[in-house]
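Let's work through a few short exercises on charged side chains together. Have the structure open and try each task before reading its solution.

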Amino acid sequence: MLTWINEKAKWVIVIFAAGIAIGLLAMDRVPNQGHSYPVGIVNDTKISYVQFDARIKEIVQKRQDQHLDDEQYAQLRSQVFSSFVRQALFAEQYEKAELRASVAELKDAFKRNSDAVRARLVQEAQYRLYAIQQQATSQEDLMQRSQAYIASLPKFLTDTTFNKADYDAWIETPAAFKWSEMLRLEDEMKNNAIPARQLQALVGASVHPTSLEAKWSVERRMTDYELQVAVAPNSAFVVDSNSVDSVMVAAYFKAHALDSFFVQKDVAQFQYIALPVEATAADDASIREYAMTLYYQLTDSTSTTTFEDMARVSSEDQGSAEKGGVLSEDFVGRGTYVKPFEDAAFALDSGKISEPVRSQFGYHIIKSYGNVKNDKGEVEKVKVGHILLTVTASSNTIDSLEKILNGIKKNVDAGADLVTEAKSRGLEVKVSEWVPRDGNIASIGYIRGLAAFAWPNENLPDEDSEISNVLKNNKWVAIAKKVGSYKAGERSLPLYYNEIKEALLKQKAGKAAEIYLNSVAAQVKSYNPADTAAAKIEKVEIESKNASVDGFVPGFGYSNPQVAKVVGKAKAGEWTAPVVAENGAVMVKVISKKTPKVEEVEEAIKQDIENTNRFAAMTVFNDYVTNIEAATLVKSNLDLYYRD
């Protein structure tokens with residue numbers, strides 16, 4: 001193992017360094033280092049930009065084979081920021097509860113996490129071997145020093161088979177903690193992992209499942225009912241949307257406003273103009289001209305450039321570019337590729353290269369690696385490669401779109417009306433849905449700069465314009481105007497207006513279904529499922545169902561507490577009166593009731609208590625953490641460093 005490490009260490013380090021460099025270039029997010037602001041503040045705890053940036057770079061380096069677009073970078077930063085917030089909150093809780101990791105807990109953690117420890121030690125050994133390689137004065141010196149270093153390593157790292165006993169014994173020695181990675185891991189366990197488990201145990205200790213609670217739950221769950229259920233579904237009763245007006249919605253909001261309709265996150269609403277970024281005929285011609293340049297170079301007998309090398313450098317089909325443009329290792333028949341590509345590929349002789357071929361994906365330069373013909377001499381299968389050049393909007397095209405929007409912005413800043421300016425150019429001003437701080441305008445998707453415009457940082461100077469700068473992604477260029485906003489914790493009628501209206505319309509539909517079901521109740525009660533010739537009742541669905549009160553019952557849905565009330569009051573063999581349920585009006589008849597055996601109940605009670613101890617404590621802890629986060633004032637300064 002260590003022989004391989006010795007041989008490869010140099011390249012591991014080179015790749016590591018290159019990954020960080022590539023990540024920084026790809027991010028294009030180098031902040032103003034003159035800022036003295038932290039990335040964020042959690043209560044009084046500041047989140048250091050240096051630590052935050054280091055974490056981002058580390059993650060980017062580990063994803064070096066994956067291309068992250070602007071939205072993915074924004075999501076990554078948001079996730080990392082949240083992890084720092086939670087880390088700060090946990091640190092406060094550890095301090096309040098005086099949670100500390102003991103020496104015994106640390107050693108136990110090291111022994112239980114041998115794979116993670118070994119992985120870190122191998123990485124540190126690689127770095128050390130690389131340093132020896134750089135410091136060696138000769139090949140002989142390198143071999144001597146490398147072999148001496150490898151000989152000094154603990155046996156469990158150099159042996160082919162991992163010996164857990166050797167590892168456990170090594171953990172007990174002072175030599176173990178001379179490794180920097182061991183000290184780093186010890187710090188992580190001491191300050192985070194072990195106190196987190198202690199806090200979880202402390203919070204989970206409040207869960208005290210009882211056998212009586214478990215028995216009630218088990219008997220409820222395991223008692224099966226044979227039911228007949230008649231449902232008049234809401235969907236059968238169309239309610240005029242105008243039957244619910246703004247006064248009714250406002251009254252509903254007022255009646256429930258004390259405990260409902262909170263704004264969960266900061267939200268804003270926008271007027272916006274979005275122009276699609278589409279290639280023009282000139283852009284298409286330009287790409288074709290470039291494709292012809294490549295074709296002439298590839299077919300020039302004096303050129304030393306191969307098709308495969310050109311594909312690796314120029315093709316925009318990343319999957320095949322890595323293979324020198326080859327699309328399949330096997331010969332494939334017709335129907336595999338799109339028609340224009342297929343026609344050109346099947347017409348090529350082996351070894352030949354086509355002129356650029358246009359498809360919906362762009363321009364393809366195709367090379368044939370051979371074909372298979374039938375008895376008639378017709379080509380049935382081919383093996384081909386391609387260089388793909390996609391047709392996208394040029395910088396000139398995008399500049400022209402930005403010029404239009406900048407013209408509108410300039411005139412609006414001078415006092416003109418946004419809608420009037422848009423109409424004069426044949427454009428439409430749209431109104432967005434309510435957009436959360438970390439969300440997107442649905443029709444545009446993620447677009448850099450929208451959040452920073454809508455929620456400007458208090459440390460930045462105020463914007464003079466009510467219109468954003470031109471915002472863009474690879475599909476749209478846009479400008480936006482904020483026309484409304486709410487902060488998290490506020491109550492909002494406009495934000496929940498449509499939701500309330502839908503709820504009221506559903507109530508009306510349910511009431512209409514109940515009235516109708518009452519009108520046909522006699523037909524329902526005389527219904528005989530064995531009579532196949534019986535006429536169906538219009539707008540009513542009747543079916544037999546075996547279920548517990550925690551199971552799925554038509555009309556009620558799954559695990560609806562209303563089922564228990566209805567079934568509990570029902571007399572065996574008799575239909576209940578219609579009730580309005582989740583999905584319509586429902587009548588129920590209990591045919592029979594099957595209770596579980598005593599031994600089955602007792603075994604299920606044991607399982608319920610075990611599961612409660614195991615999972616309920618985790619649920620309580622997760623709720624505890626969620627509530628702490630929701631109640632904590634968190635200040636984000638990400639927009640001082642990044643342009644999202």
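**Exercise 1.** Find out how Asp413 and Lys409 pair in this predicted model, and how far apart they sit along their helix.

*Solution.* Start with the side chains: those of Asp413 and Lys409 form a salt bridge, at 3.8 Å from N to O. That fits the rule, because the cut-off is within 4 Å. Next, look at the helix: both residues belong to α16 (residues 395-413), and since they are four residues apart, about one helical turn separates them. Finally, check exposure. Lys409 has 12% relative accessibility, so this residue counts as buried. Asp413, at 41%, is partly exposed.

**Exercise 2.** Do the same for Arg312 and Asp309.

*Solution.* First, their side chains meet in a salt bridge of 3.3 Å, N to O. Then count along helix α13: the two are three residues apart, so about one helical turn lies between them. Last, Arg312 is partly exposed at 45% relative accessibility, and Asp309 is partly exposed at 40%.

**Exercise 3.** Which parts of the chain does the pair Lys367 and Glu308 link?

*Solution.* Begin with the contact: a salt bridge joins the side chains of Lys367 and Glu308 at 3.2 Å, N to O. Now place each partner: Lys367 is in strand β7 (residues 362-373), while Glu308 is in helix α13 (residues 307-314). The pair is 59 residues apart and links distant parts of the chain. Is Lys367 buried or exposed? With 16% relative accessibility, Lys367 is buried, because the cut-off for buried is under 20%.

**Exercise 4.** How many salt bridges are there by this rule?

*Solution.* The count comes to 28. One network of salt bridges links Arg120, Glu181, Arg184 and Glu188.

Technical notes:
Residues numbered from 1 in each chain as written. Predicted model: local features only at pLDDT ≥ 70, side-chain atom pairs only at ≥ 80, totals over all residues. Heavy atoms only, no water. Buried < 20%, exposed > 50% of the residue type's maximum accessible area, 1.4 Å probe, protein only.
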